[in-house]
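Biologist: I have a new model to look at. Can we go through it step by step?

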Amino acid sequence: MLFDSFKLGNITLQNRVVMAPLTRSRATDNIPNDLMATYYAQRSSAGLLITEGVSPSPNGLGYPRIPGAFSDAQTKGWKKVAEEVHKGGAKIFMQLMHTGRVSHPLNMAKDAKVLSTTTTPVEGEMYTDKEGLKSYPAAKLMTESEIKNTIQEYVDSAKNAIKADFDGVELHGANGYLIEQFLNPLVNSLDNSYNGNNEARAKFALEIAKATIAEIGAEKVGIRLSPYGVYNSTGVFEGVEEFYEYLAKELGKLNLAYIHIVDHSSVGAPEVTLSVKQKIRDAFGGTIIISGGYDKERAEKDLKDGLGHLVAFGRSFISNPDLVERMKEDAHLNDPNPDTFYTSGAEGYTDYPTLKEETQKA
């Protein structure tokens, strides 16, 4: 099933293989460039590529060298990426990721603000190009007007993605970034209508989804969620399965393109239970992307069992640009080099060989 075509909304994917969003920090001055276009084009034998996290706002540029989607220069850069990917037959969605409190002023413009639902800093340190590792700062608690402005920033960036010929956008509601800071009661200390019961904490995500759909269409909007996630100092909260079942049901009413479920248990995070995956799938009623340490065999099994419709692969795509061909031929996979995950330049980014190149060299 993995190599079968699949109808996603109004587009047809050439297979069910998805390249997961992967932060790679190659966007000098936060602008997509030719090197990035090459990187994505190399991996365009997948059915769907989801870009690395792209900030909808200067306030969301938490990490060094992550791209944005809020300027003309950024839109122009992304247009080249989309053009190259489409040549390879893949479709591409832009992941919109506002980092919220997972940020540092040294990685942002002078007039940008670290905004969140809590003033409690993330534990640990963040890397900055200017001064190396720095402790996370306390964020500014968002006002209602800042929340409304941020929702509009998502909408405007989604419009820019479509202007750049992307096939859609993925709202990053996982991994402890801004949307999940609203969803998770352990990090939401707002004293307004965006905190309290399930409906209140889901409100921000649903308002972004509704507003984005109104501009670009439901078939062009997906969302990524991480139940049981602990990344970026979040944590598992009481009633987590009921909350995500409720959220999935509300998202289903909007006819979103898909829900992308994060499962980092293969790298030591808490197990994402089969029951919550099934609850999300059944409540949503639409396309589900499953992810988390997959290989070909396990992907085929979970597709056959109906757990999801598409399967996202992450690290294996970093070091195997032709991952689809390698899985088809049951060929060996190259291991990625973690030392070059977030560096600048081509090394460890666009220089991993294809199976064909390896054969020719031998």
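Biologist: Is asparagine 232 buried or exposed?
Modeller: Keep in mind that this is a predicted model. Asparagine 232 sits in the loop between strand E11 (221–225) and H6. Its relative accessible area is 10%. Buried means under 20%, so asparagine 232 is buried.

Biologist: What is the phi of asparagine 232?
Modeller: Asparagine 232 is not a glycine. Even so, its phi is positive, at about 60°.

Biologist: Where is arginine 65 found?
Modeller: Arginine 65 also is not a glycine, yet has a positive phi of about 60°. With a relative accessible area of 15%, arginine 65 is buried. Its place is the loop between strand E4 (48–54) and H2.

Biologist: Are H6 and H7 roughly parallel or roughly antiparallel to each other?
Modeller: Two packed helices are described by the angle between their axes and the distance between the axes. For helix H6 (residues 240–253) and helix H7 (residues 274–284), the axes come within 7 Å and cross at roughly 25°. Angles under 35 degrees count as roughly parallel. Therefore H6 and H7 are roughly parallel.

Biologist: How many charged residues has the contact of H6 with H7?
Modeller: H6 contributes residues including Glu241, Glu242 and Lys249, while H7 contributes Lys279 among others. By class, the contact has 7 nonpolar and 2 polar residues, and the charged ones number 5.

Biologist: Is the crossing of H1 and H2 left-handed or right-handed?
Modeller: The axes of helix H1 (residues 34–42) and helix H2 (residues 72–87) come within 8 Å and cross at roughly 25°. H1 and H2 are therefore roughly parallel. The crossing is right-handed.

Biologist: How many polar residues are in the contact of H1 with H2?
Modeller: Asp34, Met36, Ala37, Tyr40 and Ala41 of H1 meet Trp78, Lys80, Val81, Glu84 and Val85 of H2. Sorted by class, 7 are nonpolar and 3 are charged; the polar count is none.

Biologist: Which helix gives the most to the largest nonpolar core?
Modeller: In soluble globular proteins, nonpolar side chains tend to be buried together. Here the largest nonpolar core has 82 residues. Trp78, Phe204, Tyr244, Leu251, Ile259 and Phe313 have the most contacts inside it. The helix that gives the most, with 8 residues, is H5 (residues 198–216).

Biologist: How many residues has the second, separate core?
Modeller: Its members include Leu13, Tyr258, Ile289 and Ala312. The number of residues in this second core is 14.

Key
Residues are numbered from 1 along each chain as its sequence is written. This is a predicted model: local features need pLDDT of at least 70, side-chain atom pairs count only at pLDDT 80 or more; totals for chains, interfaces and linings use all residues. Side-chain values use heavy atoms; hydrogens and water are left out. Axes are lines fitted to C-alpha atoms, for helices over the stretch in contact, and angles run from 0 to 180 degrees between N-to-C directions. Helices (H or I, at least four residues) and strands (E, at least two) are DSSP runs, numbered from the N terminus. Angles under 35 degrees count as roughly parallel, over 145 as roughly antiparallel, 65 to 115 as roughly perpendicular and the rest as oblique. Contact means heavy atoms within 4.5 Å. Ala, Val, Leu, Ile, Met, Phe, Trp, Tyr, Cys and Pro count as nonpolar, Asp, Glu, Lys and Arg as charged, and the others, Gly among them, as polar. A nonpolar core is a set of buried Ala, Val, Leu, Ile, Met, Phe, Trp, Tyr and Cys residues joined through side-chain atoms within 4.5 Å. Buried means under 20% relative accessible area, exposed over 50%, partly exposed in between (1.4 Å probe, protein chains only). A crossing is left-handed if the near helix is turned anticlockwise from the far one by less than a right angle, and right-handed if clockwise.
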